[in-house]
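Here are a few short exercises to work through with the model open beside you. Try each task before you read its solution.

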Amino acid sequence: MTWKSRGELPSRSVISQRWALFLCLGSFCAGMLFTTRIWTIPENNKGLARPTAAEADKLNVVSEGCNTRIMQELEMKRDKDIYGEVYKSHNSIQTLDKTISNLEMELAAARATQESLRSGAPVSDDIRISESSGKRKYLMVIGINTAFSSRKRRDSVRATWMPQGEKRKKLEEKGIIIRFVIGHSATSGGILDRAIEAEDRKHGDFLRLNHVEGYLELSAKTKTYFATAVNLWDADFYVKVDDDVHVNIATLGETLVRHRSKPRIYIGCMKSGPVLSQKGVRYHEPEYWKFGEAGNKYFRHATGQLYAISNDLATYISINQDVLHKYANEDVSLGSWFIGLDAEHIDDRRLCCGTPPDCEWKAQAGNICVASFDWSCSGICRSAERIKEVHRRCGEGENALWSASF
């Protein structure tokens with residue numbers, strides 16, 4: 001081997017190593033470039049960018065908030081729908097209850113009328129009329145409580161505040177019924193009953209009850225009156241007044257109209273007198289022990305000279321008359337029947353004015369009284385003689401009645 005040949009080997013070896021290193025570096029750079037182009041996510045494609053951990057937490061919070069709000073809105077809507085359905089059902093039930101109650105009242109009224117007819121008791125012509133024709137609506141029925149011995153009182157009322165003949169019929173067209181209220185004697189068909197029948201044929205202003213007259217039976221008579229009146233006439237109010245009291249009919253009507261839209265009205269001059277346990281005294285209460293210790297007073301109730309009750313209370317009496325307890329005093333009995341009811345007690349002192357000069361002063365001041373009487377007599381003292389004077393000085397005037405609009 002020559003030196004020349006030996007010198008060529010090292011040169012080739014050096015060149016090969018340089019090229020190998022160059023190729024390795026080139027391959028590495030190309031690989032890096034190739035790898036970056038394939039796996040690097042373009043920055044401008046933000047819609048496909050993966051969110052960071054903080055962004056992911058924010059998205060979760062927003063999502064949970066939206067879900068909670070949506071759930072709350074759905075629950076509120078569901079609750080609202082449920083409440084609406086419950087409200088509709090409640091109204092439907094109330095309407096149904098009211099319809100059933102009205103039907104029960106009408107059925108009870110029909111039964112009471114049939115029982116009166118079957119019993120053969122004295123029956124007013126009004127019953128026969130109502131049986132053959134439909135009922136009309138009235139403002140009030142005024143029942144004047146009277147007795148067999150009170151002919152002079154009745155005539156004095158007819159001569160003063162109670163219209164007669166065609167005027168009474170005209171008053172009924174305005175929605176007001178007025179009748180003297182009386183039952184029959186213990187001896188049916190006796191001289192007392194015949195006298196009333198003759199008086200009724202002359203005036204036609206009686207309401208005969210299926211009731212035996214007697215002073216100790218006033219509570220039973222009051223109960224029978226309301227039960228009979230509500231079966232005969234469909235009125236807003238039913239009034240009871242004694243035959244020794246002066247009444248201004250137009251003022252009474254205007255007073256009652258103010259309470260026309262209210263349910264269960266009990267109006268009069270409210271009082272609470274002592275419970276009298278002594279025998280032999282007037283207004284003695286045999287059942288005084290029911291009202292507590294000696295010296296106690298009655299519960300609030302309307303004084304018996306004049307009071308009025310609404311249709312629903314009169315109907316209540318008609319339906320439950322067989323189980324309503326009677327105390328010695330009729331005004332106490334009536335008040336006791338409403339103790340457990342949701343009835344509104346209205347105390348109106350114009351229903352218990354005194355006789356002149358009391359009612360006269362009030363009339364001159366423009367505050368006309370509904371009713372006038374003397375407390376000392378529980379009515380107008382010597383009413384048959386004095387009621388004309390009371391009417392002249394305290395009456396509202398005839399034009400007031402016919403010009404009034406109820």
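**Exercise 1. The two sides of a helix**

Task: In this predicted model, find which residues of helix H12 are exposed, which are buried, and how the buried ones are arranged around the axis.

Solution:
- Step 1. Start with the exposed side: Glu 385, Lys 388 and Arg 392 of H12 each count as exposed, the cut-off being over 50% relative accessible area.
- Step 2. Now list the buried residues of H12, which are Ser 383, Arg 386, Ile 387, Val 390 and Cys 394.
- Step 3. Look down the axis of H12: the buried residues fall within an arc of 115 degrees, so they line one face of the helix.
- Step 4. Glu 385, Lys 388 and Arg 392 sit on the other side of H12.

Task: What distance separates the end C-alpha atoms of H12, and what would a straight helix reach?

Solution:
- Step 1. Count the residues of H12: there are 12.
- Step 2. At 1.5 Å a residue, a straight helix would reach 16 Å.
- Step 3. Compare this with the model, where the end C-alpha atoms of H12 are only 14 Å apart, short of that span.

**Exercise 2. From the helix to its disulfide**

Task: Which cysteine is bonded to Cys 394, and what is the hand of the disulfide?

Solution:
- Step 1. Check the sulfur atoms: those of Cys 359 and Cys 394 are 1.9 Å apart and form a disulfide.
- Step 2. The torsion about this S-S bond is about 65 degrees, so the Cys 359 and Cys 394 disulfide is right-handed.
- Step 3. Place the two ends: Cys 359 lies in helix H11 and Cys 394 in H12, so the pair ties together parts that are 35 residues apart in sequence.
- Step 4. Both ends fall under the 20% cut-off for buried: Cys 359 has 1% relative accessibility, and Cys 394 has 2%.

**Exercise 3. Neighbours in sequence, separate partners**

Task: Which partners do Cys 352 and Cys 353 have, and which parts of the chain do these bonds tie together?

Solution:
- Step 1. Cys 352 is joined to Cys 269, with an S to S distance of 2.1 Å.
- Step 2. Cys 269 lies in strand E6 and Cys 352 in the loop between strand E8 and helix H11, so this pair ties together parts that are 83 residues apart in sequence.
- Step 3. Cys 353 forms a disulfide with Cys 369, their sulfur atoms 2.1 Å apart.
- Step 4. Cys 353 lies in the loop between E8 and H11 and Cys 369 in the loop between H11 and strand E9, so this pair ties together parts that are 16 residues apart in sequence.
- Step 5. For the hand, read the torsions: about -100 degrees for Cys 269 and Cys 352, so that disulfide is left-handed; about -90 degrees for Cys 353 and Cys 369, so that one is left-handed too.
- Step 6. The count for the model comes to 4 disulfides, and with the bonded cysteines numbered in sequence order the pairing is 1-2, 3-5, 4-8, 6-7.

**Exercise 4. The largest pocket**

Task: What is the volume of the largest pocket, and which residues are closest to its centre?

Solution:
- Step 1. The volume is about 1,000 Å³.
- Step 2. Of the 39 lining residues, Tyr 215, Leu 218, Asp 242, Tyr 283 and Glu 330 are closest to the centre.
- Step 3. Sort the lining by class: 14 nonpolar, 14 polar and 11 charged residues.
- Step 4. Elements that each supply at least two lining residues include strand E1, helix H7 and helix H10.

Definitions and conventions:
Residues numbered from 1 in each chain as written. Predicted model: local features only at pLDDT ≥ 70, side-chain atom pairs only at ≥ 80, totals over all residues. Heavy atoms only, no water. 1 Å grid on protein atoms, 1.4 Å probe; cavity = no way out; pocket = protein on both sides within 12 Å on 5 of 7 lines; lining within 4 Å. Points joined across faces, edges and corners; volume = space filled by probe spheres on them. Helix = DSSP H or I, 4+ residues; strand = E, 2+ residues; numbered from the N terminus. Nonpolar A, V, L, I, M, F, W, Y, C, P; charged D, E, K, R; others polar. Disulfide = S-S within 2.5 Å. Buried < 20%, exposed > 50% of the residue type's maximum accessible area, 1.4 Å probe, protein only. Expected span 1.5 Å × (residues − 1). Arc of directions from axis to C-beta.
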